[in-house]
Amino acid sequence: MHFGPIERVPGDPILGLMESYAKDANPNKFDLGVGVYKDAMGLTPVLAAVKQAEQRLLDRQTSKTYVGGHGDSTFGQLLSELVLGSDSRLLRELRVGATQTPGGTGALRLCADFIKHCLPGRGIWLSDPTWPIHETIFATAGLKVGHYPYVGQDNRLNVPAMLAALEAVPKGDIVLLHACCHNPTGFDLSQADWKQVLDVVRRRDLLPLIDFAYQGFGDGLEQDAWAVRLFAEALPELLITSSCSKNFGLYRERTGALLVCASDAQKLLDVRSQLAFIARNLWSTPPDHGAAVVAEILGNPGLKSLWADEVEGMRLRIAQLRSGLLEALAPYGLSEHFAHIGVQRGMFSYTGLTSAQVQQLREKHSVYMVGSGRANVAGIDATRLDALAKAISEVCTA
Ligand code: LMR
């Protein structure tokens, strides 16, 4: 027998919630777990722009042969323009290259292996808290993982503590930053904060890795790219992971990219040769369908504007759900207590609920959220805000 001593590990803290929710027979259950957008009908629809793009691809596609190691270059170019702006100097100077990956998670893993093999000895610094999978991706790749404070026990963003910690990060280490819609907290840096972070990064000669998974869900497609573009303009080198899961609604198609900004075109080619080698050993060549859809949308002005309107619609609905929940909490005297829900951005809210309260919400009211107190606001059913507020008030006063 070979499989005797294998340790059984707990299921994924986020994906596991999908299963528990599906099994719950309560018709009045709430799914505030995994970061998936739901519309007024409680569905996660295929976007109209995606449907149209898929139809065009279906009519036109003549081959399913492999895409190259970096994926489709049109996808890479158009996604780079979306992230950095079509007038970006880096694009003109051929200083940026995109490698298509299986989702933003694939981009993170590719990046982790690149750091491990090509930048030996460098540690990576994550916000405390961060998306739990950040922790395991970098640790699994064999990197030394450190943390800088971000949101404290009081559930407030603590920029001075963050800056002080970054000052102490060893020169040359990598610091992971969330471009917008911080996962799990929803607390984002202001533009003034970003400038201070850039200042430390420059002085300490740190290499930023910006995780950009929610472009368009915070303040808008262009606005959300502000910090990424600030860093790309100011620094010679930058790593960016971009996900199309949320803003294109392509979750299961696993569509994303690792964007590398290098000091010159030759350096970029060196880095890209390594990325192609690493990717070949991880997944060989990336899945095509989602990236082909994205390229079709971004490459056609009509489809692109339909898509941008749909992203804006999702963004506004999430913002309305935030204010709606606050209004629903008001009769229970809790709107002040949860005022941060209105300040946070994107799908997620660090509610400040304790893990015991989260457990009570699940057991007594069939409200599913991550044990850290993270709620996916984009999963709230707007017609049942009062029931949700009542359940929250009950666990808060228990
Ligand atoms: C989340 O944090 O819920 C999403 O990013 C989905 C995931 O893969 O965890």
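Started with the pocket: the ligand takes up the space of the largest one. For me a pocket is an open set of points on a 1 Å grid over the protein atoms alone, where a 1.4 Å probe fits, with protein on both sides within 12 Å along at least five of seven lines. A molecule sits in one if more than half of its atoms lie within 2 Å of its grid points.

Note to self: this is a predicted model, where local features need pLDDT of at least 70 and side-chain atom pairs pLDDT 80 or more, while totals for chains, interfaces and linings use all residues. Numbering runs from 1 along each chain as its sequence is written, and side-chain values use heavy atoms, without hydrogens and water.

Next I listed the residues around the ligand (a heavy atom within 4 Å): I14, V34, G35, W131, N183, Y214, K246, F348 and R374. By class I get 5 nonpolar, 2 polar and 2 charged, with Trp and Tyr counted as nonpolar and Gly as polar.

Then polar contacts (N or O pairs within 3.5 Å). Ligand oxygen atoms lie 2.8 Å from a side-chain N or O of R374, 3.0 Å from a polar side-chain atom of W131 and 3.4 Å from a side-chain N or O of Y214. The protein buries 82% of the 260 Å² that the ligand exposes alone (Shrake-Rupley, 1.4 Å probe).

Last, the domains, with bounds from an automatic or database assignment. Domain 1 (13-46 + 314-396) and domain 2 (66-299) both give residues to the shell, so the ligand lies between them. Their C-alpha centres are 28 Å apart. Domain 1 puts 19 residues into the contact and domain 2 puts in 22 (heavy atoms within 4.5 Å).

Methods
A polar contact is a pair of N or O atoms within 3.5 Å; within protein, one must be able to donate a hydrogen and the other to accept it, and residues adjacent in sequence count only if both atoms are side-chain atoms. On a 1 Å grid over the protein atoms alone, a cavity is a set of points where a 1.4 Å probe fits but cannot get out, and a pocket is an open set with protein on both sides within 12 Å along at least five of seven lines; lining residues have an atom within 4 Å of a point.
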